[in-house]
Structure formats: C-alpha cells, structure tokens
Amino acid sequence: MLLGVENLSVDLPVAGGFKRVVRDVSFALAEGQSLGMVGESGSGKTITALAIMGLLPEGALVSGAIRFEGRDLATLSEAQMQSLRGDRVAMVFQEPMSALNPLHRIGDQVAEPLRLHRGYSRACAGAEAVKLLERVRLRDPDRLARAYPFALSGGERQRAMIAMALACGPKLLIADEPTTALDVTVQAGILDLLAVLARESGLSILLVSHDLAVIARHCRRVLVMYGGAVMEEGPVEAVLGQALHPYTRALLAARPRLGAQRGARLAAIPGAYGAAAQGCAFAPRCPLALPACGREPPAVALDNGHIVRCVRVTSDGRLT
Ligand SMILES: Nc1ncnc2c1ncn2[C@@H]1O[C@H](COP(=O)(O)OP(=O)(O)OP(=O)(O)O)[C@@H](O)[C@H]1O
Ligand code: SF4
Ligand SMILES: [Mg+2]
C-alpha cells in the first residue's frame with residue numbers, strides 16, 4: 001500500500017479554542033491507483049490533503065497515522081517532510097497563480113524541485129524543465145520556459161504546475177480541484193493528461209473534486225466526505241452507481257441535469273450546511289435521521305470494499 005491514512009483527525013485553532021475539521025478519516029491508496037474525494041465546500045477535503053503533505057496551518061492538532069511507503073509521516077521531522085514534498089509526494093492546487101511566483105520564469109520554477117532535491121545545476125535543470133513542459137503536452141516549451149506566469153493562459157499555467165509536480169517523479173500526486181478554475185474543454189484535457197501520465201509512470205493520484213462526473217471518469221475508488229468525516233467509500237461504480245448513504249444520494253440527486261454546464265460546482269442539497277459534532281455529521285440535514293444517529297454510526301462493510309456509515313444501512317446493503 002502506497003498511502004494509508006488511519007483514523008486521521010485534525011483540530012484547527014479558532015477563536016476560543018479548537019474546531020475538529022477532519023474526523024476519524026481512514027483510507028488507503030495503492031500504487032498506480034486513483035482515489036477521488038468528493039464533498040461539499042467545507043467538508044474537510046483540502047485539510048485532509050494538507051495533513052498528508054504536512055502543510056497544515058500553524059497550531060493544528062493531528063491524531064491518527066498517515067503511512068506513506070511504510071513510514072508514519074507524523075514521526076518525520078520538518079526537514080524530512082521537506083525532502084519528501086515535491087519529491088516523492090507532490091500537490092497541484094486549484095489556483096495555479098497562487099502557487100507560481102509571478103516574478104520568476106516558468107522554466108526556473110518547473111526546474112526548482114530538481115535543483116532542490118536532486119542537486120541539478122541551473123543549466124541541467126533548465127534543460128530538464130523544457131522536457132517536462134513537453135511531457136505535459138505544452139506547445140513551444142522552449143518559449144514557455146522563458147516566459148513569466150502572466151504570459152500563460154490558465155490551462156497552460158496548470159500544465160506548468162503539473163510539470164513542476166512531476167519533476168522528481170513522485171509516487172503520489174495530490175490534485176486538489178486542479179481544474180475547477182478552468183473552462184470545461186481545458187479541464188477535460190488536463191484531467192485526461194493526468195490519467196495518461198499516471199498510466200505511463202505508475203503514479204497514484206488523490207483527486208479532490210466537486211464534480212461527480214470528473215470523479216466517475218478518472219477514479220477507481222471514491223470517498224464521500226461530509227463535516228470532516230467519510231460517509232461512504234468504495235469502487236466508483238458501487239458508490240455512485242448504487243449509493244446507499246443518504247448524503248451520497250442527496251449529492252447525486254442534486255447533480256446538474258443533462259444539458260447543464262458540465263463541471264459546474266455541486267448544486268446545493270436542501271438545508272444550510274451544518275454538521276453535527278457528535279454522532280453522524282449529516283444528521284442536521286438528513287431526512288431519515290433517528291435518535292440513534294446521535295451516536296457514531298457503524299461502518300457497514302459490503303462487497304468490494306464498499307463501506308457505508310449510516311445506522312439505516314443493513315449488512316446486506318439496503319437503506320431502510
Ligand atoms: N486555516 C483555517 N483555520 C480555521 N479553520 C479552517 C482553516 N482552513 C479551513 N478551515 C475550516 O476547516 C473546514 C474544512 O475546510 P476545507 O478547506 O478542508 O474544506 P474543503 O472540503 O476543501 O472545501 P472546498 O470544497 O470549499 O475547498 C471548514 O469548516 C473550514 O472553514
Ligand atoms: S446515520 Fe442517521 S443521520 Fe446519518 S445518514 Fe444515516 S440516517 Fe441520516
Ligand atoms: Mg478545498
């Protein structure tokens with residue numbers, strides 16, 4: 001197993017104390033596989049990703065284990081995490097402009113991890129950057145390597161970010177809404193590129209997205225998050241094809257209809273966002289809630305690693 005997250009909880013400092021934003025999250029990602037993470041805004045997707053990267057906000061409290069290539073990342077020093085980041089594990093963010101430095105040429109930025117982690121000279125790293133830009137299917141990579149970020153389109157910047165993330169040949173790529181800011185055709189091209197690169201190099205991808213269609217197309221397995229907790233997980237065809245959890249069902253019912261703009265953010269499901277701090281996080285909005293939902297719902301394990309956390313789901317896979 002490349003990545004194993006076990007009972008991960010994260011508390012962030014807020015005025016007057018701490019707020020639990022990730023609750024007892026466990027999942028595994030095998031080498032060369034892709035795992036999707038879906039859930040409404042505020043459900044804890046980015047914080048989970050940042051916990052894996054060791055990039056949580058100052059003062060965050062973390063419990064549980066994050067095992068990567070057999071090592072528990074919580075036991076690593078900041079220096080050890082730094083040498084892992086951008087080398088074995090890389091992340092692509094939603095907004096490439098926030099991750100690219102506007103004052104440095106694209107080629108220098110793409111080459112930076114090679115200089116940092118591999119000790120490449122400026123000239124060697126520069127030549128490698130051009131090859132990386134070519135690998136992410138950017139036309140005229142020589143010219144782009146010399147350009148500054150403002151001269152690139154949004155899609156080109158995102159490809160440059162991916163090139164930078166892939167520079168050292170990571171085993172795991174965390175892509176947090178990598179295409180949400182882009183238009184639909186550019187988005188599809190970039191996601192297809194990620195899939196090809198993953199196949200070519202055995203890369204594992206954790207893909208965070210609001211878009212169920214994107215997850216269905218690009219991931220083998222999916223986690224559905226609400227209020228910092230995993231509601232349902234398993235193979236995409238089971239979770240999205242035969243959803244059992246009331247929250248997953250609500251998400252699917254709120255999907256943009258055929259003809260609506262693909263890639264639109266998730267339509268709102270009924271009721272304002274609110275998560276219970278105890279028991280099932282979805283209880284404040286669940287039309288099927290029972291008094292028993294005030295306690296932690298059991299994880300019902302069905303075939304193929306399809307797991308549902310709901311008191312109303314039976315062991316033979318029915319929502320009662
Ligand atoms: N720096 C921070 N300090 C305090 N709370 C934070 C901080 N960053 C995020 N949060 C809170 O943590 C919770 C989870 O946030 P997170 O960014 O992981 O959500 P998300 O699922 O990635 O949402 P989105 O889809 O909007 O990106 C939210 O309630 C958010 O308000
Ligand atoms: S555990 Fe209860 S509140 Fe949570 S989804 Fe199931 S029925 Fe709804
Ligand atoms: Mg996020």
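The following questions and answers cover two sheets and two ligand sites in a predicted model.

Local features need pLDDT of at least 70 and side-chain atom pairs count only at pLDDT 80 or more, while totals for chains, interfaces and linings use all residues. Residues are numbered from 1 along each chain as its sequence is written, chains are lettered from A and ligands numbered from 1 in the order in which they are written, and side-chain values use heavy atoms, without hydrogens and water.

User: Which strands stand at the edges of the open sheet of 8 strands?
Analyst: Strands are DSSP runs (E, at least two residues; helices are H or I, at least four), numbered from the N terminus, and two strands pair if DSSP finds at least two bridges between them. The order is β6-β7-β8-β3-β9-β10-β12-β11, with mixed pairing. Two strands have a single partner each, so one side of each is left without a neighbour in the sheet: β6 (89-92) and β11 (299-301).

User: Which residue of β12 stands opposite Ala299?
Analyst: β11 and β12 (residues 307-309) run antiparallel and are joined by 3 bridges. In β12, the residue opposite Ala299 is Arg309.

User: At about what angle does helix α7 run to β6?
Analyst: Helix α7 (residues 154-166) lies across β6 and β7 (172-176), where contact means heavy atoms within 4.5 Å. Axes are lines fitted to C-alpha atoms, for helices over the stretch in contact, and angles run from 0 to 180 degrees between N-to-C directions. The angle of α7 to β6 is about 170°.

User: What is the bridge partner of Val10 in β2?
Analyst: A sheet of 4 strands is open and antiparallel, in the order β2-β1-β4-β5. In it, β1 (residues 3-14) and β2 pair over 9 bridges. The partner of Val10 is Val22.

User: Which element gives the largest share of the shell around ligand 1?
Analyst: A residue is near a molecule or strand if one of its heavy atoms lies within 4 Å of it. There are 14 residues around ligand 1, and Ser41, Gly42, Lys45, Thr46 and His210 come nearest. The largest share, 3 residues, comes from α1.

User: How far from an oxygen atom of ligand 1 does a polar side-chain atom of Ser41 lie?
Analyst: A polar contact is a pair of N or O atoms within 3.5 Å; within protein, one must be able to donate a hydrogen and the other to accept it, and residues adjacent in sequence count only if both atoms are side-chain atoms. A backbone N or O atom of Gly44 lies 3.1 Å from an oxygen atom of ligand 1, and a polar side-chain atom of His210 lies 3.2 Å from one. For Ser41 the distance is 2.5 Å.

User: How many residues of the shell around ligand 2 are nonpolar?
Analyst: Ala, Val, Leu, Ile, Met, Phe, Trp, Tyr, Cys and Pro count as nonpolar, Asp, Glu, Lys and Arg as charged, and the others, Gly among them, as polar. The residues around ligand 2 include Cys280, Cys286, Cys293 and Cys310. Besides 1 polar and 1 charged residue, the nonpolar ones number 10.
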